[in-house]
Amino acid sequence: MLLSLIIFVPLLGMIVVLLLPRDSEELIKRVTLAFTLIPLALAVYLFIAYDRSDAGTQHAVSVPWIETFHINYHVGIDGLSVTLMLLTALLGPICVLASWRNIEKGIKAYMALFLLLETGMLGFFAALDLFLFFVFFELTLLPMYFLIGVWGGPRREYAAIKFFLYTLFGSVLMLVALIAVYLNSSIIPEERTFDIPTLISLAGETEHALADPTFQIWVFLGFFIGFAVKVPIFPFHTWLPDAHVEAPTAISVILAGVLLKMGTYGLVRINMAMFPEGMAFFTEVTEETGLWGYSLALLGFVNIVYGSFCALAQTDFKKLVAYSSIGHMGFVILGLAARNTMGVNGAILQMFNHGVISAMLFLLVGVLYDRAHHREINGFGGLGNRMPIYMGITTLAFMASLGLPGLSGFWGEALSLFGAFQEFEILAILSTIGIVVGAAYFLWTLQRVFLGKLNPKYEELPEINKREILTLVPLGILTIVLGVWPNFALDMFRESVAELTKLMGTFQAGL
Amino acid sequence: MKPLENIPSLAYFTPEILLVIFAAAVIILDLLVKNRESQKVAYLALIGLGSALVAIIVTNSISASSEPVPLFWGMIQLDGFAVFFKILLLLATAATILFSLRSEELDAKLKGEYYALLLAVTFGMFLMASSTNLLMIFIALETVSLTSYILAGFLTHSPRSSEAAFKYITYGAVASGTMLFGLSLLFGMTGTGDLSEISDQLVILLAPEQETPLVTPLALLISITFILAGIGYKIASVPFHMWSPDVYEGAPIPITAFLSVASKAAGFALLLRFFYTGFADTKIMHSIDLGLLLAIVSALTMTIGNLAALPQQNVKRLLAYSSIAHGGYLLMGAVLLTSGNAAIVERGVGAIIFYLIVYFFMNLGAFYVVVLIANEAGTEMIDGYRGLSSRAPLVAGAMAIFLFSLTGIPILAGFFGKWILFTAVLEGKLYWLAFVGLINSVISLYYYARIVKVMYFEAAEDTDKLSFSKGTFALLSVFVVPTIFIGLLNIFYSLSGNIRLQ
Amino acid sequence: MSLQHYLVISSILFTLGIFAVLTRRNAISILMGIELILNSCNLNFAAFSRFVTPPENIDGQIIAIFGIVLAAAEAAVFLAIILAIYREFGSIRPDEVDTLKG
Amino acid sequence: MVVSLISIILLAPLAAFVIFALLGLAKRSFPRQDLLSTLAMLVALGCSLYLIKEIVPKPDPHTVEWISLGNITLSMGFYLDSVTVIMLIVVTLVSSLVHIFSIGYMHGDPRYPRFFAYLSLFSFSMLFLVVSDNLLGIYIGWELVGLCSYLLIGFWFEKDSAANACKKAFLTTRVGDVGMFIGMMMLFTKFNTLSLYDGAQEGIFTQAAAQLTTGDMVWLSIAGILIFCGAIGKSAQMPLHTWLPDAMEGPTPVSALIHAATMVAAGVYLTARMFPILTATSSLVIAYVGGITAIVAATIAIVRFDIKRVLAYSTISQLGYMMLAIGAGSYVAGLFHLTTHAFFKALLFLGSGSVIHAFHAMHAHHDEDHTDEAAHEHDNHGLVHEHGSEIPPDQDMRNMGGLRKKMPITFITMLIATLSISGVPFIFSGFWSKDKILGGVLGRAMEWNSGHHYILFVIALCAAGITAFYMFRLIFMTFFGEPRNQEMHNMAHESPWTMTVPLIVLAALSFPAVNHLWFNKNNFKPPDQPHIQAPQHAYVSPDTKIAFSLFGLSEAEAAEEEGGKDTEQADKAHHAHEVAHNIAMVLSIIVAGLGILLSWLFYHRRRFSAESVATTFRPAYNLFWNKYYFDEFYDGVLVALTVWKSRLFAKFDLSIIDGIVNGVATITRKIFAAFIGFFDNRIVDGIVNRVAEVTWAAGGRIRRIQTGAIQTYLFVVLGGIVLIILIFRAL
Amino acid sequence: MEFTLKTFIFYGFALITIASAFAVVTVRNIVHAAFALMVTLFGVAGLYVFLQADFLAATQVIVYVGGILVLILFGVMMTSGRLEMRIHIERGQLLLGGGISLALLMLLLTVIANTPGWKNLTDDGTPLPPTTESIGNLILGEKFLLPFEVVSVLLLVALIGAALISRKEVRD
C-alpha cells in the first residue's frame, strides 16, 4: 500500500497540476514540489524501515489486473529497488527546484510531465510483474520525449526523436523477449504468468522450457538490447550525448540519474536473475561459450574506455559529462559481468553513486549555463575567483566522479573492478585506463573553467545562489556519506545480491 | 444447426431491416425539412443507428445459445463474431455522422442522401460481417463498395473528391471483377456457394487418399489470389492498397475516417470468416501455403505503408498510409488462421478484434482532430499543425495521444493492441513476422512523432487560439479516454477473447 | 462443347478485359473492359452450373443473373462518376486525373 | 587509548577543514582559520608524541569491518608500530612548523583561510595514510593527499603555470596509482583481504610469507612492482617524476610540507610498509628505479637556476636514494633517511621560502621587466630556454647573492640543512642516514655477488657527490658573493618570527643529537616481518656503533633474531656488511668533500667557469638542462596520442555508429567507406547522414510508384496477382 | 467430338464473341468499341443459350444490351464533346499490359487444362427444363430471397448515388 502510494502520488500530483489554472505558475511549482516531497518522505521512511537482513521482497502487493493474460499489479521492493527508489524520489524535488527559474514556457505542462515521469520511474523500480515492469519502463518514454523536445536546446527535436527511436527500438526487442518468456512460462495457456518471482523460480527448475540454455541466450539478448540502449552500452549510446546536451538541466539530471539506471536495474532484475544461463553464456569463458564469454565484460570495458576518451575530446561541458556517464556506466556493466558478490555489489553501488554524482554534475553545468548561456568549456576560464563556492562544489563533484577515495564514486568503481578482476583480469586492468582518463578530462575541465586568469567577459558573473546550493547540498552530503560509509547503501542490498548470486550459481559461501 | 428459412430468419434480421427502413425514412424526412434544418435528418439517422444497436443486442439475446444461427438458407450467419463487428461498424457510422455534422467541408452538402448512404453502407457492412455464401459475400461487398464510391465522390464541386471517387471505382471494379472470377473458379471446383460446404468439398477433392485429386493446387491458388484481390482491396493490403492514399486524401475527412476504420473492419470480418470457414482445414492449407502468403502480404503491407508514410506532408494522406500499415498489423492476426491449432486461431481472432476496438478509437480520434483542424485552421497539411500545442492545447494533447497510441507506446491502448497481436503471432511461432512488425512500429514512430514534433516543438506562425465548442471536446474525450484506458482494463481482453469464429 | 471450351472463352474474355483496363486511355473504355471481365465471370458461373453441379441445381445461373444486375449498378455509378470527372477535369483520360499522388 | 589518540590526531585537522567547508557554503569564513588549523596540528603533534609511549613490540591492528559482503570483508583500521609513530611525528611536526611558517608567509593572500583549510585536509589525509593498517586505507589516504597536493599546487590558480602544474601532478601520480590499484586487485584476488596484518583473518603479510616459502613468486613480484608503481608516482620516481618540479608552482610552504617532507615520502613509506611482500625481483626493480632516479635528478639539479627547482630535483634524487635503500633491502636505512630528509629538506624549502618572501615585495614591481632580464641571462648562456615556464624573478638564483648578511637566520639554518644533505660527517643527521644507505647498497651488492649490481653503489656514490655539489652551488649563489641584483637585494630583509622559528626548530632537528633526545627509546621496533628469509633480508647490519641512530637498536635485534635462525649465514652477512659500511663511510666522506670543494671552486672562488664547462660538455648540459627531455616526450607522444585517440573516437561516433543506424540497407557500403574514412576525411564527412536516410529514401521510392494515375495502380494489382501466383506456384 | 451444326454454331459464337471482345480492347474509335462490345454481349448471350440458360441469356440481352450499353453510349456522347474519340495507347503500357494479360491467360489456361475435375465434362445435349420458373422460386421464395432484396437495396443506392453525383450542383 505504502509502495503504491509512493508510485502514484506523483500521478495524482499530475492530475492536480493539470487542474490548476495555467497562469498561477508559482502555485504550480509549489504543488509540484509538494507532490515530489511526499514520495521522498515516504521513500526515506521505506529506506529506514526496510529490513536489511531479509533478502526477499518486502511491502509486496499483488492485485489481479489483466486476468486474461495473467497480469497482476504486483509491486514490492528488495534492497536494490528501495535504494534506487530513494534515489529517484530524492532527485524528484531536486529537479523541481532546479527547474524553478529556467523553465520559461509552459510550466504547467512541464511539471505535469515531470510528475508522470516520476511515476514511471518509481513504478519501474517497484514492479514485480514483468508486464507491469515493461509498462513502467515505457511510461518514462513519452514524458521524456516531450521534456526534451519542448523544453530542450536548439537541436532538441533531433535529440528527442533520436532518444525516442533508439529506446523504442530497444524496447521493441525487449517486448519480443518478454512475450517469449510469457509463452514459455507454461505449456498450458492458463498457467502462464508474468510474475517475476515465479518466473525466476521457474527458470531455475531443470527441464523447464525457461531454463533451456538456448532459449535463455536468445531471450537474454532481447532484454539485453532493450536495456543496453537505456544504459547506454556501446554501440547503442549515441543518443545519449545528444539527449543530454539538448535537455533542460533537470531533465538531464533525471536522465543521467535515474533513466540510465533503469537499464542496469533491468539487467540485474531480469537478465541476471531470470536468465542465469544466458548470463553465464556471455560472462563465463568455457569451451562451450568460447569468446562469447568475454562479451559482456568487453562491452563494459569498451564503454569505460570509449566514454572516457570521448569525454576527453569534448569541448561542450554538458557533452563531456554525458560521455563521462557512458564511461561510468561501463563500470556497472563490468561489475555485473563479473557476476560475483563484489562485482555485483559494486555495480549496484556504482549505479546509485553515479545517479547522485551525475545528477550533481548536470546541476552544476546547468548553474553555469543559466549564467553564461553557453557551455563551451574553452569559453570560460578563471571562474574560480569569481565563484569560489561553485568551484568548491564542482570540485567535489568532479572528484567524486573521477573516483577519489573518500567520495562515493570510488567505492562503486573499486568494488566493480575488484569483482571484475577476479573473473577477467586483463579487461579489468585495461579498464583502469578509464580511471586515469577520467581524472584527465575532469581536471582539464576544472582547469579550463575555473583556473587561470578570469575571462573578462565574466567579471560580473553572480555566484551560485541559495536555491541552487539547496539542490546540490543533499547530493553532496550523500556523496561524502557514501564515500566514507558505503555500507549506508551496501547494507540495503547485500542480502538481495547474495540471493542473486545464488541464482546465478556464483554465490560463494563465507570463508 | 440447420439453416433457418426466410421467414423465421427475419426476426434475427431486424437490425439490418431497421437500417434500411431508416435509410428510406431519412430520405423522406429530407424532403420534408427545410435546408437549414438538415441536422434533424442526421439525428434521425442516429436514431436509426441507435435502434439498430438495440435490435442487435435484443436479437443477440434471443438467440441465447452460443451456437451460431445460420439465416436465410445459410446465406448469412448470426454469431458473436458478427454481432461484435456489427456493433463496431455501427459505432463507426455514428461517429462518422457526428464528424460530418462538424465538418465544414461537408456542411453545405449535407442532406438526406448522405445519411441514407451511410446507413446503406452500414447495412452492407453488416452483411459482410455475417455472410457465409459466395454470392452473399459478393453482393455485400458490392453494396459497400458502390456506396463508398459515391460517398468518396460526395463533394461534387471538389476535383479531389471526384478524382478519389473515380480512382476508387475503377480500382474497386477491377478488384471486384477479379474477385468474382476467383469466386466463379471456386464455385466451379466445389459446385457450391456455401462456405462450409466449400470447405468440405475441398477436403474431399484434395484428399490425398484419392489417387488423382480433382482440384489442383494451382487452381485453388489462382482462385484464392483472385478472391484476395477483392478482400485485399477492402482492407488495403499490399499490393491491393494503392487506391487508398489517393482516395483517403480526396474523400471528405469523415468519409476517410469511416473508410479507414469501418470499411477496413468489415473487410477483416469478411477475410476472417472467409478463410476460417472455407479454408481453415489443414489439408487445404497444405496444398497451398496460405499462411505464408498471408504473412508475406502482411509484412509487405505494414512495411510499405510505414515507409510511404514517412515523407508525407498531408496529414490525411499520412494517416491513409498509416492505416495501410495498421491493416498489415491486423493481417498478422489473420495469418494465424492457418496455424491449424484451434487455440492459436482463437488468439489470432481475439487479437484482431481487440486491435480493432483500439484502432477504432485511436484512428477515429485522429481523424476527428484532422476534421477539427481542417475546420479551424483550414488546412490538412502538417505545416498547419505547427504550434498547435499553444493554439489548441487540448486538441493537440488529444492528437498526441492518438498518434502515440497508433505508434504503440505504452500505456496507451495501441500498445496493448499490438502487444496481444504480437503475443499471438509469437505463440504461432511466426518469429520473423513479429520481428518485421516490431521494426515497423519503430519506423512508424518517426512519422507519427513528426506531427507531434510540429505540434509541440515548433512555434506557430499564426498564434491565434483556436476555439472549439464544448461538444467538440466531449466528442473528443469519447475517443481520448478509451485510447488511454482500454488497455488497462481486463474487460476488453476477456471480451475479445470470448468472440470466436464458428 | 465441353466445359473447357467455355472456360477458355471466358478466360480470354477476362484477360481481354484486364488488357483493356490496363491499357485503354479512356475511362469509358476501362468501363467496357470491366464489363468484359464481369461477363467472363458470369459465363463461368453459367458454365459451371451446367457442367459441374447437378442439372437441377441452377445456383450458378442465378449467381450470374445477380452478376449482371450488379454490373448494371456498377456501370451506372461508374458513368456518373465519369461525368463528374469530366465536369471537373474536362477529360476522361485516366492518366490526366492524377492530382492525388505521392 | 591508542584508538582515541589516533582519532584525535585524525579528527583535529579534519575538523578544521570541515568547519571551513561548511562556513564556506554559507559564504563565510572562520575569522582565524589559520589559528584553528595550526592549533589542530599542534594538538595532533602532542598526541603523536604521546603515542610513543603506546608502542608495543607486537601490536595488534585496531580494525573495524568497513565493507562486508558475505564472504568478503574489507576492514579499516589502525596499526601502530614504531614506524607509524615516527611517521606520525614527522608529519605532525613538519606540518605544525609549516603551519606556523605559513602564518607569516601567506599573510595577505586573498585566499588565506582557504590555504590553512587545505593544509588541514592534507594533514588529515597524510595521517590517515600513515596509520592505516590495510591497503585500502592507505590507498584512500594516498588519493586524498593527491587531491590536496592538487589543490595546493594550484592554490594560485590564476597563474597558468600553476593551473597546469596541479593538473599534471594529479594526473601523473594517478597513473602510478592505477598501478597500485591493480596491484591491490591482484593481492585481494589472491589473499581475499586487503589488511596487511593478521586480524579476524590472516593478513597479506602472513599469507605472502607462506607464498614466499612455497616459491610461486612471479605474480607476487608483479603485484609488488605494481604497488611500487603507486610509489613511483607519488614519490616522483623515474619515469613519473616530472610533476614534482612543476609542483613548485605552489606556495613554498606547500613545497616544504607536501613535496619534500611528507607526501612524496609516502611512496617510500608505502614501499617500506610493503617490504614483507617484496620478492627478490621486485626489490631489484625498486633498487634500480631508485638508483636511476637518484642520479638523473641530481644531474638535472646541477643546472637549475630556480632555487625551488633545485630543491625539487634534489628531493627527487633523495627519494630515489631511499627507494634504492629499500630495494637493496636496507629499508630501515631508507626510513631513517626519510626522517632526516624530511627535516632538512623541509628546512631547505622553508629557507628558500624565506628568501623568496624577502624578494616577494618587489615581485609586483618587477613583474613587467623580469622577462627581459631572464632573457638577457639566457642570452649569456646561449642555452635553450627552460621548458614550460619562466623562472619567477624572486626564485631565480641569478638574482640573488650575498644574502647571508641580510638574512642571517635563514642563512645559517639553510647552511645547516645543506651540510646535512651533503653528508658532512658525524655531526649532521644526513650523513648518518646516507651512509647507512650507501653501506647497505654496497653490502647488498657484495652479497648478490654479481658485478652488475655494484653499479648501484657507484650510482649512489656519484649522486651523493653531485648532491653536495649542487647544494653548495645553491648556498654560494644565494648567500655568498656580491648581490647580482642590487635593487632586489636592497629590499631584501629577514623574515618575521613566525617564519624563522620553524627554521630554527628544523635546523635543530638536523643534528642527530637532537633526534637522539626523543627517538632513542628502547621500545622502538621495526615492523614485524613474518617471513624473514634469505637472501634479501639476511644482511641487515647490526650497526650498533651508531647508537643515536634511531633504528640502530632495532636493527640489531632483527639481525640477532635472524641470526639465531641461521648463524652461519648471518655471520657471513654480518661480516660483509661491516666491511661494506666501513668502505662506504670513507667513500661517502670523500665524495661529499669533493662535491663541496668543486662547488666552492666554481661558484665561490670562481676558479672555474660553469659556463665554459657547460660549453665544453654541451650535449650533456643540454640533456641536463632539458631534464632528459621527459616532458617533451610526454607532451609530444603520450598526450598527443591520447588526444588523437579521443578525437578518433568522437569521429567514430559520428560516422560509424550513426552511419549504421542511418543506413540499414547500405550497411556494407557505409562501414567500408567509414573505415576508409579514417584515412580520408572527405569520405567520412560525406557519409554522416541524418537518421533513417535510407528508410526515407525507400519511402520516397514507394511514393514514386504512387503516381496518381489509376492504371499504374492497376498494373501493380494485376502484376501483384501474377507474381503471387507465380511465386507460390513455385513453392 | 463430332462436328455437327451445333458445334459449328457454337464455334461461330465463340469466335464472334472473342473477336468482338478483341475489337473492344483494340479499336481506336470508342464508338466502334461500344458497338463491338454489343456484339460481344450478344455472343455471350448466345453462349448462355448453348448452356441452356435461357433466362440468363434473356437477362443478358435485356440488361446489358438494353441497359448498360445504352448507358455507355450516353457516357461516350456526354463526355466527348469535341469528338475526341480516338484513343492513343503508349507502347510501354501496351507491352506491359499485354504481358500481364498474357501471363494471366497462360495461368488460367494451364489451370483449365490441368484441373482433373473440369476435364471431360461434355455437353451431351440433353435438354433441360426451362429455368425461369425455378429461378423465380429460388429468388422470391427460397434460397436467394435475401440476395435479391439486398440487390434491390443496392440498386436503389446506386440510383440515388448516380443521380447525386452526376447532378451538376447539389445545392447553392
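Author: An angle between axes under 35 degrees counts as roughly parallel, one over 145 as roughly antiparallel, one from 65 to 115 as roughly perpendicular, and the rest as oblique. The model to which this is applied here is predicted.

Reader: Why are α10(B) and α4(E) called oblique to each other?

Author: The axes of helix α10 (residues 217-235) of chain B and helix α4 (residues 91-114) of chain E cross at roughly 135° and come within 9 Å. An angle of roughly 135° belongs to none of the three named ranges and falls to the rest. The two helices, α10(B) and α4(E), are therefore oblique to each other. The crossing of α10(B) and α4(E) is also left-handed.

Reader: Which residues make the contact of α10(B) with α4(E)?

Author: From α10(B) come B:Leu218, B:Ala219 and B:Ile222, and from α4(E) come E:Leu107, E:Thr110, E:Val111 and E:Asn114. By class, 5 of the residues in this contact are nonpolar, 2 are polar and none is charged.

Reader: What makes helix α10 of chain D largely enclosed by the rest of the structure?

Author: A residue is buried if 20 or more other C-beta atoms lie within 10 Å of its own. In α10 (residues 252-261) of chain D, 10 of the 10 residues are buried, so the helix is largely enclosed by the rest of the structure. Among the buried residues of α10(D) are D:Thr252, D:Pro253, D:Leu257 and D:His259.

Reader: How do you know that strands β1 and β2 of chain D are joined?

Author: Two strands pair if at least two bridges are found between them. Strand β1 (residues 62-69) and strand β2 (residues 72-78) of chain D are joined by 7 bridges and run antiparallel. The pairing requirement is therefore met. D:Ser68 stands opposite D:Thr73 in β2(D). β1(D) and β2(D) form a hairpin with 2 residues between them, and D:Gly70 in the turn has a positive phi of about 65°.

Reader: How many residues of chain C are in contact with chain E, and with how many residues of chain E?

Author: Chain C has 58 residues in contact with 68 residues of chain E. On the side of chain C that touches chain E, α1 (3-23), α2 (27-51) and α3 (59-89) each supply at least two residues. The most comes from α3(C), with 21 residues.

Reader: What classes of residue make up the side of chain C that touches chain E?

Author: That side of chain C has 44 nonpolar, 10 polar and 4 charged residues.

Terms used
Residues are numbered from 1 along each chain as its sequence is written. Chains are lettered from A and ligands numbered from 1 in the order in which they are written. This is a predicted model: local features need pLDDT of at least 70, side-chain atom pairs count only at pLDDT 80 or more; totals for chains, interfaces and linings use all residues. Two residues are in contact if their C-beta atoms, placed from the backbone, lie within 7 Å. Helices (H or I, at least four residues) and strands (E, at least two) are DSSP runs, numbered from the N terminus. Ala, Val, Leu, Ile, Met, Phe, Trp, Tyr, Cys and Pro count as nonpolar, Asp, Glu, Lys and Arg as charged, and the others, Gly among them, as polar. Axes are lines fitted to C-alpha atoms, for helices over the stretch in contact, and angles run from 0 to 180 degrees between N-to-C directions. A crossing is left-handed if the near helix is turned anticlockwise from the far one by less than a right angle, and right-handed if clockwise. A residue is buried if 20 or more other C-beta atoms lie within 10 Å of its own, exposed if 12 or fewer, and partly exposed in between; C-beta atoms are placed from the backbone.
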